[in-house]
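Me: I am new to this structure and would like a close look at one part of it. Please take me through that part step by step, with its setting in the whole chain.

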Amino acid sequence: MNAPEQNLETHAASFDSQIAFAPVATALAFTSMAAVAVGALTMGRLAISALAIRRGKIGRLAIDDLEVGRLHVRELIVEREG
């Protein structure tokens with residue numbers, strides 16, 4: 001075998017190994033992009049939850065026993081059962 005034929009075989013083997021690795025690299029890229037997307041969604045959900053808690057808006061809250069030192073109330077509504 002002369003040098004040009006050997007060089008061509010070396011390039012062909014290199015090309016074949018690159019083609020064989022392409023699906024693996026693609027799968028790894030998709031996996032990493034999915035992980036980043038899931039992380040971003042989770043961080044967004046945490047940020048939204050933290051914002052809702054900081055604003056102090058709660059739809060309905062049921063507490064059996066509560067002791068408070070000071071309490072500021074904007075509107076007092078007293079419900080009486082029975």
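Reply: What follows looks at leucine 76 and its surroundings, after a few words on the chain as a whole. The model is predicted, and its protein chain has a secondary structure of 1 helix and 0 strands. Of the 82 residues in the chain, buried ones make up 0%, while the accessible surface comes to about 8500 Å², with 60% of it belonging to carbon and sulfur atoms. Leucine 76 is found in the segment after helix H1, the helix that covers 3–55. This leucine counts as exposed because its relative accessibility is 69%, where the cut-off for exposed is over 50%. Leu76 also belongs to a nonpolar surface patch of about 840 Å², which it makes together with Leu61, Ile63, Leu66, Val68, Leu71, Val73 and Val78. Leu76 is, in addition, one of the residues that line the second largest pocket, and the others in that lining are Leu66, Val68, Leu71, Val73, Glu75 and Ile77. The lining divides into 6 nonpolar residues, no polar ones and 1 charged, and the space in this pocket is about 200 Å³.

How values were computed: Residues are numbered from 1 along each chain as its sequence is written. This is a predicted model: local features need pLDDT of at least 70, side-chain atom pairs count only at pLDDT 80 or more; totals for chains, interfaces and linings use all residues. Side-chain values use heavy atoms; hydrogens and water are left out. Patches are made of residues with over 30% relative accessible area and no salt bridge: like charges are joined within 9 Å, nonpolar side chains (Val, Leu, Ile, Met, Phe, Trp, Tyr) within 5 Å. Accessible areas come from the Shrake-Rupley method with a 1.4 Å probe; for residues, only the protein chains shown count as cover. A salt bridge is a side-chain nitrogen of Lys or Arg within 4 Å of a carboxyl oxygen of Asp or Glu. Helices (H or I, at least four residues) and strands (E, at least two) are DSSP runs, numbered from the N terminus. Buried means under 20% relative accessible area, exposed over 50%, partly exposed in between (1.4 Å probe, protein chains only). On a 1 Å grid over the protein atoms alone, a cavity is a set of points where a 1.4 Å probe fits but cannot get out, and a pocket is an open set with protein on both sides within 12 Å along at least five of seven lines; lining residues have an atom within 4 Å of a point. Grid points are joined across faces, edges and corners, and a volume is the space filled by probe spheres set on the points. Ala, Val, Leu, Ile, Met, Phe, Trp, Tyr, Cys and Pro count as nonpolar, Asp, Glu, Lys and Arg as charged, and the others, Gly among them, as polar.
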